[in-house]
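Trainee: I should like to go through this model and ask how each label is justified.
Mentor: Please do; we shall set each value against its cut-off.

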Amino acid sequence: MSLRANIWKLHIILACRWFLLLMPVLVLFYQENGLSLEDVFTVQAFFSICVILFEVPSGYFADRLGRKQSMLIGAICSSLGFAIYAFSYTLPHFLLAQFFIALGSSFVSGSDSALLYDTLLHLERESEYQKVAGRLASVANFSEGIAGLVGGALALISLRTPLYVQAALMLIAIPLVWSLVEPPRKKSERTESSFAAILHIVRYALHGHAEVKWLILYSSLVGTSTLTIVWLVQPYLQSIDWPLALFGVAWAALQFSVGLFAINAYRIELFLGRKVSLVSLILFSSAAYLLLGLFQTVWAIAFLFVFYFVRGINGPVLNDYINRCVSSDIRATVLSVKSLVGRVMFVVLGPAVGWVSDVYSLSAAFVFCGVVFLIFGAVFLYFLQRNRVL
């Protein structure tokens, strides 16, 4: 019974982690504190660099010492990071806060998915992973949507007010993570050093298993396309003179939509089939970027929902494909490799997008993204087809 409780507890933990009150006005908050859009992408690239440094070691930690212990460290570090954020006013302070949030994210990323899959595996319900993972993603996004409404209202008091509330709310996840039960699972029998073992798993994920490698690269590219748009939504709303009072409403609508898409991800994948599901993800993202580059009008907000459709499908479906290819003793590490690859892509692309926007225009930045994702998406799809993954 206690093991079954992991599933509903993970729902609440995800809801707490993604109740991000400042997100609908975060770019405005940065700008209020003197940052340019290039600086904004630099802050987020720094976050990704920190994730790159910690992602795979934290995944290995979870595989060796426990998913629960890893998630607990992550919850504590995230709480500390948001507390620092609440009292930060300069770029160096923002970077320090991002360091702890990235550390926390790294220890949770992969561990939560692996703990869920191993829980379902032990309960002989692993065939339900897409459905349950989609429901979890949906809860997270509905939580972020509600937070968008609340945070948007709090931002009318001041852009810093949501951060004070955020810092207090992040503490709720800690006792919930503490109460999780570690599922029985196969553990690694390797005797080499931790560093050597990590390299072995990274080599396996990115070289030793063709299906895993190309699924990781493709999923990471799709994830980067939906991560990049997050930092362009608010500049886009500014460009069309969207009222500040409605920023939270727009953000909430986007998060609610991805929640609906995520909870139905397994149905959509079943209806479209594996091949069409995979091919459509990057094509939709690329097309939406190009359309936003061409149209800077209120009605073009509809194109933003395309990214959140892709985001809702990408996680539950492609994580399931990867989970089926790897064993429990390396699952968290392999999923961390996927997250790491996505962050590397964002570190390379993000500052370039900010620079294009500052030097040329926001429209040029959208077109730049659309072309980049279309080209690399076509390359990765070719290799997926060549290795009979499609």
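Trainee: Why is Cys-16 called buried?
Mentor: The model before us is predicted, and every value is computed from it. Cys-16 has a relative accessible area of 17%. Buried means under 20%, so Cys-16 qualifies as buried.

Trainee: What makes Cys-369 buried or exposed?
Mentor: The relative accessibility of Cys-369 is 0%. The limit for buried is under 20%, and therefore Cys-369 counts as buried.

Trainee: How many disulfides does the structure hold?
Mentor: The count is zero. Cys-16 illustrates the reasoning: the nearest cysteine sulfur, that of Cys-77, is 17 Å away. A disulfide requires two cysteine sulfur atoms within 2.5 Å, so Cys-16 is in no disulfide.

Trainee: What makes the pairing of Arg-67 and Asp-118 a salt bridge?
Mentor: Their side chains meet at 2.7 Å, N to O. The cut-off is within 4 Å, between a side-chain nitrogen of Lys or Arg and a carboxyl oxygen of Asp or Glu. The pair therefore meets the definition.

Trainee: Why is this pair said to tie parts of the chain together?
Mentor: Arg-67 belongs to helix H4 (residues 67-86) and Asp-118 to helix H6 (residues 111-122), so the bridge joins parts 51 residues apart in sequence. Both partners are buried: Arg-67 has a relative accessible area of 0%, and Asp-118 has one of 2%.

Trainee: How many salt bridges does the structure hold?
Mentor: There are two. Besides the pair just discussed, the side chains of Arg-311 and Glu-144 meet at 3.6 Å, N to O. This pair links distant parts of the chain, with Arg-311 in helix H15 (residues 304-323) and Glu-144 in helix H7, 167 residues apart.

Trainee: Are Arg-311 and Glu-144 buried or partly exposed, and what decides it?
Mentor: Arg-311 stands at 23% relative accessibility and counts as partly exposed, because that class lies between the 20% and 50% limits. Glu-144, at 3%, counts as buried.

Trainee: Which residues make the nonpolar surface patch?
Mentor: Ile-146, Leu-149, Val-150, Leu-246 and Val-249 make a patch of about 360 Å². Helix H7 (residues 129-155) gives the most to it, with three residues.

Trainee: What makes Ile-146 eligible for a patch?
Mentor: Ile-146, which lies in helix H7, has 42% relative accessibility and is partly exposed. Patch residues need over 30% relative accessible area, so Ile-146 passes that requirement.

Trainee: Why is Ala-252 called buried?
Mentor: Ala-252, found in helix H12 (residues 247-263), has a relative accessible area of 1%. Since buried means under 20%, the label follows. Leaving aside neighbours within four places in sequence, Ala-252 is in contact with Gly-145 and Leu-149. The C-alpha atoms of Ala-252 and Gly-152 are separated by 9.2 Å, although these residues are 100 apart along the chain.

Trainee: How do you know that Thr-224 is buried?
Mentor: Thr-224, in helix H11 (residues 210-239), is at 3% relative accessibility and so counts as buried. Leaving aside neighbours within four places in sequence, the residues in contact with Thr-224 are Gly-342, Met-345, Phe-346, Leu-349 and Phe-373.

Trainee: Which backbone oxygen lies 3.3 Å from a polar atom of the side chain of Thr-224?
Mentor: That of Gly-342. The cut-off for a polar contact is within 3.5 Å, and 3.3 Å satisfies that distance limit.

How values were computed:
Residues are numbered from 1 along each chain as its sequence is written. This is a predicted model: local features need pLDDT of at least 70, side-chain atom pairs count only at pLDDT 80 or more; totals for chains, interfaces and linings use all residues. Side-chain values use heavy atoms; hydrogens and water are left out. Patches are made of residues with over 30% relative accessible area and no salt bridge: like charges are joined within 9 Å, nonpolar side chains (Val, Leu, Ile, Met, Phe, Trp, Tyr) within 5 Å. Accessible areas come from the Shrake-Rupley method with a 1.4 Å probe; for residues, only the protein chains shown count as cover. Helices (H or I, at least four residues) and strands (E, at least two) are DSSP runs, numbered from the N terminus. Buried means under 20% relative accessible area, exposed over 50%, partly exposed in between (1.4 Å probe, protein chains only). Contact means heavy atoms within 4.5 Å. A polar contact is a pair of N or O atoms within 3.5 Å; within protein, one must be able to donate a hydrogen and the other to accept it, and residues adjacent in sequence count only if both atoms are side-chain atoms.
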